[in-house]
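Colleague: Before we go through the contacts, could you take me through this model step by step, with the reasoning behind each reply?

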Amino acid sequence: MAEVVIEELNRDNPFDVRETAQLLLRTFRKQYHGQATLTRMIQDIDLTRQNRVHVFIARSGGKIVGVANGGFNTPLQVSHVEEIQRHIGAGNYFLSNLAVHPDFRRRGIAKRLTARRIEHARQLGCKVAYGGTNESSEHHVARKAQFEKEGFTHLAALNGEHYYYKRLR
Ligand SMILES: CC(C)(COP(=O)(O)OP(=O)(O)OC[C@H]1O[C@@H](n2cnc3c(N)ncnc32)[C@H](O)[C@@H]1OP(=O)(O)O)[C@@H](O)C(=O)NCCC(=O)NCCS
């Protein structure tokens, strides 16, 4: 098994962007209700530039086997809930789009991608990292277990989306 390396995606490299988009499409196809196309996923990755979102990838033997986004002070997706506002104000770091190729799961890749994003959040001086998982997702059990194992606290559930957060300082 080749070594797994975690790095930031170079959005100017069309080959890496395409492979990352393919992994996202494959993983989240059902959640997009058939609306997603490779072109749209590639456009979405490009859009992350403007939203101050960094895309991290896991590479093994030249193949991209994992992807995860980390966004600094992204517009709060949950701002209407008071409790969430109290915990996650300015200086937040939003964790999203975590996907590991099915053949590479349960080898600690998601854990490493999250550790890399937390390190990035700390470098930026963020106070809180947070993310969510939807109970309708087939991956909810794995994602929930992953948040809990990594010391995240359950914050709230909104329309089936469960938010977890971790204080960074
Ligand atoms: C969720 C996901 C990212 C986990 O990736 P992974 O690389 O296999 O996770 P890790 O190996 O780092 O696992 C870390 C911990 O999470 C938990 N976990 C991971 N997969 C699990 C599963 N299928 N069932 C239960 N717990 C699971 C375990 O506690 C695990 O630690 P352990 O292996 O020491 O027991 C992967 O299953 C995936 O890509 N799922 C589809 C996409 C998704 O749901 N993304 C999250 C929403 S954005």
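**Contacts, core and ligand shell**

Modeller: Leaving aside its neighbours within four places in sequence, I57 is in contact with E7, L9, T20, I64, G66 and V67. This is a predicted model.

Colleague: Which element gives the most residues to the largest nonpolar core?

Modeller: The largest nonpolar core holds 34 residues, and I57, V67, L113, A129, Y130, Y164 and Y165 are the members that touch the most others. Two or more residues come from each of α1 (14-28), α2 (38-47), β2 (53-60), β3 (63-72), β4, α4, β5 (128-134) and β7 (161-167). With 6 residues, the element that gives the most to this core is β4.

Colleague: Is S60 buried, partly exposed or exposed?

Modeller: S60 lies in strand β2, and its contacts, once neighbours within four places in sequence are left aside, are A2, V4, V65 and F104. Its C-alpha atom is separated by 4.6 Å from that of V4, although the two are 56 residues apart along the chain. A residue needs 20 or more other C-beta atoms within 10 Å to count as buried; because S60 has 18 such neighbours, it is classed as partly exposed.

Colleague: How many other C-beta atoms lie within 10 Å of R40?

Modeller: R40 is found in helix α2, and from C-alpha to C-alpha it is 9.4 Å from L25, with their positions 15 residues apart in sequence. A residue with 12 or fewer neighbours would count as exposed, and R40 is partly exposed because its count is 13.

Colleague: In which sense do β5 and β7 pair?

Modeller: Of the 7 residues of β5, 5 are buried, so this strand is largely enclosed by the rest of the structure. With β4 it pairs in the parallel sense over 4 bridges, Y93 standing opposite A129 in β5, and the chain crosses from β4 through α4 to β5 in a right-handed β-α-β crossover. With β7, where H162 is the bridge partner of T133, β5 pairs over 7 bridges, and the sense is antiparallel.

Colleague: Which element provides the largest share of the shell around the ligand?

Modeller: The shell has 22 residues, of which R105, A110, H139, A142 and A145 come nearest to the ligand. Two or more residues are given by each of β4 (92-100), α4 (109-123) and α5 (140-149), and the shell as a whole divides into 8 nonpolar, 8 polar and 6 charged residues. The largest share, 6 residues, comes from α5.

Methods
Residues numbered from 1 in each chain as written. Predicted model: local features only at pLDDT ≥ 70, side-chain atom pairs only at ≥ 80, totals over all residues. Near = placed C-beta within 6 Å. Nonpolar A, V, L, I, M, F, W, Y, C, P; charged D, E, K, R; others polar. Core = buried A, V, L, I, M, F, W, Y, C linked by C-beta atoms within 7 Å. Contact = placed C-beta atoms within 7 Å. Pairing = 2+ DSSP bridges. Right-handed = clockwise from strand over helix to strand, strands pointing away.
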